[in-house]
Amino acid sequence: FTQARIEIFKPGDIKTNFNDVAGCDEAKFELKEVIDFLKHPERYRRLGGKMPKGVLLTGFPGCGKTLLAKATAGEAGVPFITLNGSDFMEIFVGVGAARIRDLFEQAKKNIPCIVFIDEIDGLGKKRTAGPGSNDEKDQTLNQFLSKMDGFGDNTGLIVIGATNRPDLLDPAFKRPGRFDRIIMVDKPDIKGRIEILKVHTKNIPIKSEMKENIIKTIAERTPGFSGADLAAVTNEAAMLAARNNKEHISLEELDAAIMRVLAGAEQKSKILSPKEKNMVAHHEAGHAVAGFFLQKESYVHKISIVRTGHGALGFTLSLPIEDKYLNTQDDIKNAVKSLLGGRAAEELLLKEISSGAENDLERATILALRYVKRLGMDKKMGLRSFGVSRENYLGDNFTVDEGYSEETAKQIDQSVNSLLNNCYEETKEAIVEHKEEIKIIVQKLLEKEVLEKEEIKQILTSC
Ligand code: ADP
Ligand code: ZN
């Protein structure tokens with residue numbers, strides 16, 4: 001009862017390696033270091049470098065987190081111990097903690113090894129405090145963290161956790177020396193889908209002269225599909241072909257299989273229509289242009305119109321050119337403009353606005369509120385700071401409003417509104433000025449779904 005329900009694979013039983021994982025290049029790159037360490041621990045010990053003890057893989061289910069973890073063990077040639085975080089949610093006080101001790105006992109016997117905890121949020125949810133706290137759960141988590149800390153550096157135990165909800169994890173989890181590497185494993189773009197389909201059609205009879213075209217077509221028809229969905233598509237198609245007594249799998253079976261997988265999961269059937277895709281592409285291109293031309297201290301790293309595990313329909317990733325610890329008045333205004341770029345592009349170029357800007361507007365408003373209420377940057381409001389920042393027991397900051405007059409409340413409203421409106425006007429000017437660049441980005445996005453730094457820069461500097 002107090003034993004952890006774990007499964008141990010000996011190195012000889014692990015047939016998975018990085019060749020079985022298609023795409024996921026960034027994740028593989030990060031995990032290569034772990035592999036190198038497990039293979040040559042003495043090198044790291046000698047040089048005094050500290051390997052992370054914990055790596056967190058986050059992202060949508062079925063995108064290859066388990067596969068990556070197992071392939072890491074396969075590449076390193078070490079035992080792979082797997083378990084599920086939900087096994088530690090027990091009603092009886094002390095049972096979860098006892099299982100944690102058992103888990104670490106087992107791991108110790110297998111060092112060097114990788115321990116993989118799927119659904120680690122089951123184990124590591126934020127601790128509660130005050131009335132209604134959950135003693136059993138907190139005890140389990142405390143035991144886990146103290147066991148992780150108790151493990152010396154570079155002993156050869158690496159814990160890989162997987163979760164779709166990193167936001168649920170207790171902040172203590174992500175402290176240095178615990179799970180301080182966080183790797184995102186998200187839904188594949190069209191290139192990734194082609195790679196995954198290649199892996200999963202290796203042993204499936206598709207006429208070889210047609211194979212490349214068929215794979216490309218299927219990849220185009222499956223935006224938003226995870227690796228697991230694509231594996232299901234190829235499997236369904238093989239079964240259909242067998243049932244119909246066919247020798248080869250053709251586009252017909254694969255198409256039917258897509259429909260089956262779609263029907264099986266309601267959420268996935270939310271594939272964007274061409275019109276919606278066009279809107280998302282314009283929206284993201286608007287962010288990119290506003291970011292590039294108005295927010296000069298940052299560069300646009302990536303633009304994507306692949307749906308993310310968190311429900312966003314696309315994203316534009318801008319990163320500051322160098323670390324910044326202070327924000328000037330202009331920095332904040334420029335960040336607001338870059339957030340409004342998506343909406344501005346929709347309004348000006350498509351003459352139709354969408355719900356895609358909801359999160360942008362929320363973030364822009366928060367920035368404007370800070371500008372006016374906390375940073376003394378709005379002329380009309382003056383230097384007074386409104387609202388007091390407090391820290392709660394989890395280390396999160398929040399603001400408590402202190403009393404102020406109704407007139408002040410009105411002025412805050414006016415100042416916030418005019419800041420947003422003025423920024424929006426400037427954003428719109430930039431969008432009009434760089435209409436051509438947006439067109440090119442949209443066209444490329446519709447074609448490739450993802451654009452990287454170099455390509456973006458080239459488009460934006462050549463027009
Ligand atoms: P997760 O742990 O993220 O929920 P899994 O690693 O269990 O997802 O993936 C489930 C299955 O989907 C895998 O066993 C594999 O068949 C397929 N799959 C997912 N991602 C990939 C990928 N990148 N390359 C090849 N197959 C994949
Ligand atoms: Zn947006």
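The paragraphs below lead through a predicted model of a protein chain with a ligand, from the overall fold to the ligand site and then to a few individual residues.

The protein chain contains 16 helices and eleven strands, and of its 463 residues 47% are buried. When contacts with a sequence separation of 6 or more are considered, 74% of them in the protein chain come from residues 24 or more positions apart. The accessible surface of the protein chain amounts to about 24,000 Å², and carbon and sulfur atoms account for 50% of that surface.

Ligand 1 is a convenient place to enter the structure. It is surrounded by 17 residues, of which Ala-22, Gly-62, Lys-65, Thr-66 and His-200 are the closest. Sorted by class, this shell consists of ten nonpolar, five polar and two charged residues. Several polar approaches can be located at the level of atoms: a nitrogen atom of ligand 1 lies 2.8 Å from an N or O atom in the side chain of His-200, while an oxygen atom of ligand 1 is found 2.9 Å from a polar backbone atom of Leu-67. At Ala-228 the partner is again a polar backbone atom, with an oxygen atom of ligand 1 at 3.3 Å. Of the 560 Å² that ligand 1 exposes when taken alone, the protein buries 80%. Three elements each give two or more residues to the shell, namely helix H3 (65-76), helix H7 (190-200) and helix H9 (227-243).

Two of these helices, H3 and H9, can be followed further. H3 is made of twelve residues and spans 17 Å from its first C-alpha to its last, which is close to the 16 Å expected at 1.5 Å a residue. Its buried residues are Lys-65, Leu-68, Ala-69, Ala-71, Thr-72, Ala-73 and Ala-76; Lys-65 is also among the closest residues to ligand 1. The cover over the buried residues of H3 includes helix H1 (25-39) together with strand S2 (54-58), strand S3 (80-84), strand S4 (113-118) and strand S5 (157-163). After H3 comes Gly-77, which has a positive phi near 70°.

H9, for its part, has 17 residues, and the 24 Å from its first C-alpha to its last is close to the 24 Å expected at 1.5 Å a residue. In H9 the buried positions are Gly-227, Asp-229, Leu-230, Val-233, Thr-234, Ala-237, Leu-240 and Ala-241. Just after H9, Asn-245 adopts a positive phi of about 60°, although this residue is not a glycine. Asn-245 sits in the loop between H9 and helix H10 (251-264), and it counts as exposed because its relative accessible area is 71%.

A similar description can be given for Lys-351, which is not a glycine but has a positive phi of about 55°. Lys-351 belongs to the loop between helix H12 (329-350) and helix H13 (358-374), and its relative accessible area of 68% is why it is classed as exposed. Another backbone feature is the cis peptide bond that joins Ile-111 and Pro-112, with omega at about -5°; Pro-112 is placed in the loop between helix H4 (95-110) and S4, and S4 is one of the strands that cover the buried residues of H3.

Two further residues show how parts of the chain that are separated in sequence come together in space. Lys-39, in helix H1, is partly exposed because its relative accessibility is 46%. Although Lys-39 and Ala-76 are 37 residues apart along the chain, their C-alpha atoms are separated by 5.9 Å, and, with residues up to four places away in sequence left out, Lys-39 touches Glu-75 and Ala-76. Ala-76 is itself one of the buried residues of H3.

Glu-347 lies in helix H12 and, at 30% relative accessibility, is therefore partly exposed. Its C-alpha is 9.0 Å from that of Lys-428, at a sequence distance of 81 residues. Apart from neighbours within four places in sequence, Glu-347 is in contact with Glu-352, Ile-353, Tyr-424 and Lys-428.

Terms used
Residues are numbered from 1 along each chain as its sequence is written. Chains are lettered from A and ligands numbered from 1 in the order in which they are written. Side-chain values use heavy atoms; hydrogens and water are left out. A residue is near a molecule or strand if one of its heavy atoms lies within 4 Å of it. A polar contact is a pair of N or O atoms within 3.5 Å; within protein, one must be able to donate a hydrogen and the other to accept it, and residues adjacent in sequence count only if both atoms are side-chain atoms. Accessible areas come from the Shrake-Rupley method with a 1.4 Å probe; for residues, only the protein chains shown count as cover. Helices (H or I, at least four residues) and strands (E, at least two) are DSSP runs, numbered from the N terminus. Ala, Val, Leu, Ile, Met, Phe, Trp, Tyr, Cys and Pro count as nonpolar, Asp, Glu, Lys and Arg as charged, and the others, Gly among them, as polar. The expected span of a helix is 1.5 Å times one less than its number of residues. Buried means under 20% relative accessible area, exposed over 50%, partly exposed in between (1.4 Å probe, protein chains only). Contact means heavy atoms within 4.5 Å.
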